[in-house]
Amino acid sequence: LSNMIANLATNNPRQIYQGIAGLNIWENDGSGLQLNIGARGLNPNRTSNFNTRQNGYDISADALGYPESYYTPPSLALERIEIVRGAASLQYGPQFGGLLNFIFKEGPKDKPIQFTTQNTVGSFGLINSFNSLGGTVKGWNYYTFYQGKKGNGWRPNSGFEQHTAFAAVKKEFGNFRIGLEYTFMDYLAQQAGGLQDFECAQDPRVSKRSRNWFDVNWNL
């Protein structure tokens, strides 16, 4: 992702995945809380047709059933995104879309400590703060980050607040590596409700719902 010009603060999928041929992208919100991509004409809703993983392990609600993507790793923390489709993807599971694997950054191997912070403000009350700490001490590599994000949304009744934290420590012994990782994510999002076509044509920003809330608490 370091070679890509994209709005990583909001996980903008149209910019991040623009180079993937045959990918369908839905944008249900402008905050990047949920990823909605599908391949080869498959339904993009919550990336339900991909086997979604983080650093190689499953992060979806149901790895083999209906793997809805409630949790999307912050793009600012990612080194790269792997997408495997076709026959090669069958080694990861039976999903028709294939494999989607988020690879996190690691701490620098030549420094004992490195701190980075990226803070973004935007329209409709968007505030995003991403802070990471990493390094290598006596052969142990560590990386941790915290992201806090909130906004009011483009439509009324579409505000959100999200907190994500991650910590990892690893050590290599020749070709052998041991490590421990923990991910925490919690967000509360208000949903403005759906519109019929004629309502969208009249005013796409109108909201008829004030009591639709979606709360997610995720631990990996």
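Which residue stands opposite Thr 52 in E6? In this predicted model, the residue is Leu 100. The pair belongs to the junction of E3 and strand E6 (residues 98–104), where five bridges join the two strands. E3 and E6 run parallel. Both strands are part of an open sheet of four strands. The order in that sheet is E4-E3-E6-E5, and the pairing is mixed. Strand E4 (57–58) and strand E5 (78–84) form the edges, each pairing on one side only.

Asn 101 is also placed in strand E6. Its relative accessibility is 6%, so Asn 101 counts as buried, the cut-off being under 20%. The side chain of Asn 101 reaches two backbone nitrogens. One belongs to Asn 55, at 3.4 Å. The other belongs to Gly 56, at 3.0 Å. Asn 55 and Gly 56 are also among the residues that Asn 101 touches, residues up to four places away in sequence not being counted. That list further includes Arg 53 and Gln 54, as well as Arg 80, Ile 81 and Glu 82. Lys 150 lies elsewhere: Asn 101 and Lys 150 are 49 residues apart in sequence, and their C-alpha atoms are 26 Å apart in space.

Arg 46 sits in the loop between strand E2 (37–39) and strand E3 (50–54). Is this loop residue buried or exposed? Arg 46 is buried, because its relative accessible area of 16% falls under 20%. Its side chain makes a polar contact of 3.2 Å with the side chain of Gln 34. Gln 34 also appears among the contacts of Arg 46 once neighbours within four places in sequence are left aside. Leu 35 and Asn 36 are in contact with Arg 46 as well. So are Pro 67, Glu 68, Ser 69 and Tyr 70. Phe 214 completes the list.

Another set of strands involves E8, E9 and E10. Strand E8 (residues 126–137) pairs with E9 in the antiparallel sense, over 11 bridges. Within this pairing, Gly 135 stands opposite Tyr 142 in E9. E8 and E9 form a hairpin with two residues between them. Lys 138, in the turn, has a positive phi of about 55°. E9 is also joined to strand E10 (residues 160–173), by 12 bridges. E9 and E10 run antiparallel. Here Asn 141 has Lys 170 as its bridge partner in E10.

Gln 147 lies in strand E9 (residues 140–151). With a relative accessible area of 3%, Gln 147 is buried. Its side chain is joined to that of Asn 128 by a polar contact of 3.0 Å. Beyond its neighbours within four places in sequence, Gln 147 is in contact with Asn 128, Ser 129 and Phe 130, and with Gln 162, His 163 and Thr 164. Ala 9 and Pro 74 are also in contact with Gln 147. Gln 147 and Ala 77 are 70 residues apart in sequence, yet 9.3 Å apart in space, C-alpha to C-alpha.

The surface carries a nonpolar patch. Trp 140, Phe 173, Phe 176 and Ile 178 form this patch, with about 380 Å² of accessible area together. Ile 178 lies in strand E11 (residues 176–190). Its relative accessible area is 33%, and Ile 178 is therefore partly exposed.

Technical notes:
Residues numbered from 1 in each chain as written. Predicted model: local features only at pLDDT ≥ 70, side-chain atom pairs only at ≥ 80, totals over all residues. Heavy atoms only, no water. Buried < 20%, exposed > 50% of the residue type's maximum accessible area, 1.4 Å probe, protein only. Polar contact = N/O pair within 3.5 Å; in protein donor to acceptor, adjacent residues only side chain to side chain. Contact = heavy atoms within 4.5 Å. Patch = residues over 30% accessible without salt bridge, like charges linked within 9 Å, V, L, I, M, F, W, Y side chains within 5 Å. Areas by Shrake-Rupley, 256 points an atom, 1.4 Å probe, with all protein chains shown as cover. Salt bridge = Lys/Arg side-chain N within 4 Å of Asp/Glu carboxyl O. Pairing = 2+ DSSP bridges.
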